[in-house]
Amino acid sequence: MQSIFIIFLKEFKAFFLSPIAYIFITVYLVVTNFLFFQGFFIINQADMRGYFTLLPWIFLIFVPAITMRSWAEEKKLKTLELLLTWPLNDVEIVIGKFLASFCFLAISLLLSITVPITIAMLGNPDGGMIFCGYLGALLLGSAYLAIGLWISSLTENQILAFIIGAGITLLLLLIGNPFITMLAPSWLVPFFTYIGLGNHFESIGRGIIDSRDIIYYVSIIGFFLFLNIRSLESRKWE
Amino acid sequence: MSTTNNSIMLDVQNLSKHFGDVKAVTDLTFQIKKGEVFGFLGPNGAGKTTTMRIVTCFIPATNGEIKIDGLDILEHSLEIRKKIGYLPENAPLYNDMQVNEYLAFVGGLRGFKGAALTKAVDAMYQVCGLTKMTKRQIGKLSKGYRQRVGLAQAMIHNPELLILDEPMSGLDPNQIIEIRELVKKIGEEKTVIYCSHILSEVSATCSRILIINNGKLVATGTPDELTAKSSAGNFYQLKVKGEADAVKARFSEISDVKEAQINELSDSWLAAKISTESKSDIGEDLFRCVVNNGWTLAELRREETSLEDVFTQLTRG
């Protein structure tokens, strides 16, 4: 446990050692606020539904950018060789890194608190729905993080990690989208709808916390973190 | 084999490592005693780094058995990694951390907490000469200081086995002397494995040397033993006055002489270079030969095969 915490702390601090973190949080807040408030006054409804509809697509760019560096840089600088010869389990390192990026994501989301505050000043929004929206966003984002971390562990090129990470996430997001399920063979539709990353987010966003949705995201996170651990072990298969 | 003997720090039996068709290490067997400074020597690409990666549990071997302090590295990987301090080639470090942050991070992973952690980090500043660099960002350090941070990282938990892979690469002569002294000091108490392709480094610090080439063990022993083991004989340099053909013929008749080369110098002086088959001392025979033939002798010098010669001889081809 202590090792997980030390890895977590080091990784979390690493985000803020370079200016990239500040730039990303700023860009994220400006873009989401701009896109949301553009339509907000036209629709003239005091809720955050428009905001949360944006997130699966904004995260597509934002989240792989958080994770691309995580393993790729360790591989490139060969620090991975030292890290893996210290007395740590691979699992501890993977969890530590995941928690660090999770906290970074959570902080970014927390900083968008100005949006619900603004809405609350202008109208009378449903607090429960906004809370559920944030919970869904955190789960969705964490699933993206797990995918991004796994992809980062497969390459030593950060740009490649970003592009492929975004690509795989996009694929898993689109697969459940009505545009795709409309075209898919009917027997596959329930499967696609279930697997798609966005659908569970939408149902949580409607204000219903269903354990099935939570279990879905937790399993997706678990699955990709497991792949991440396997890819670290792959050095032993050569 | 004396695997149960607890004076053995590292015991490698029949180690092989293949990457696809490439055989990086083949059937390597050696033992390192506790308290030895052990030189692991070989040209670039000989399999040194691969062997160290296996010993440090980074990659597994294709074949063979490795025990550290009596523990099998596959079964007790975590425990073994606690005993080892490892400085990989080129000291890979986190460039955006400060020296103090980095050492506190590594110390934490090594199980130090609170005051003990501060103490361990401070001790490393002293030992590795980093006192003035504690707040520096690692990415901005010179190569020599990076190497020191790498050493500090490897030694912070006072490891029983310290593995250094090319620790001197990129250092200037002064830094080399400093690090060499440091390694010797550590070697008084701990076991050190010192990998290098530069022989003079190893022969200056190590009590025993292993030479590896193309993944195979070529020779092992103390520096003196290795010199003695070399198949080459000795060389004698002579400066004599006499007739060239006669000198060559007489010298060649002496037993154990492999070859006599004669070069004419000015004033009818001759420079003779005699090589012998074995290690035997033929100085007296040469002298008597000169006296019996009535030549004048100005110089008679014996030149021993150096470790450099041994290394080149063993690793060439």
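**Entry 1: a sheet in chain B.** I began with an open sheet of 4 strands in chain B, and I noted its order as β2-β1-β4-β5, with antiparallel pairing. This is a predicted model, so I am reading a prediction throughout. Which strands stand at the edges? I found β2 (22–33) and β5 (71–72) of chain B there; each has a single partner strand, so one side of each is left without a neighbour in the sheet.

**Entry 2: one strand pair.** Next I looked up how β1 (residues 8–19) of chain B is joined to β2(B): 8 bridges link the two, and they run antiparallel. For a spot to find by eye, I picked B:Val12, which stands opposite B:Phe30 in β2(B).

**Entry 3: the domains.** I then stepped back to the division of chain B into domain 1 (8–222) and domain 2 (235–315). Their contact takes 13 residues from domain 1 of chain B and 5 residues from domain 2 of chain B. Over C-alpha atoms, I have the two domain centres 45 Å apart.

**Entry 4: where the domains touch.** How much area is buried between domain 1 and domain 2 of chain B? I noted about 680 Å², with carbon and sulfur atoms giving 81% of that. I looked for salt bridges between these domains and the count is 0; for residue pairs in polar contact, both at pLDDT 80 or more, the count is also 0.

On the side of domain 1 that touches domain 2, I listed α7 (199–205), β9 (208–213) and β10 (216–221) of chain B as the elements giving two or more residues. β9(B) gives the most, with 4 residues. By class, I have 8 nonpolar, 5 polar and no charged residues on this side of domain 1 of chain B.

Definitions and conventions:
Residues numbered from 1 in each chain as written. Chains lettered and ligands numbered in written order. Predicted model: local features only at pLDDT ≥ 70, side-chain atom pairs only at ≥ 80, totals over all residues. Heavy atoms only, no water. Domains from an automatic or database assignment. Contact = heavy atoms within 4.5 Å. Buried area = accessible area lost by both parts, 1.4 Å probe. Salt bridge = Lys/Arg side-chain N within 4 Å of Asp/Glu carboxyl O. Polar contact = N/O pair within 3.5 Å; in protein donor to acceptor, adjacent residues only side chain to side chain. Nonpolar A, V, L, I, M, F, W, Y, C, P; charged D, E, K, R; others polar. Pairing = 2+ DSSP bridges.
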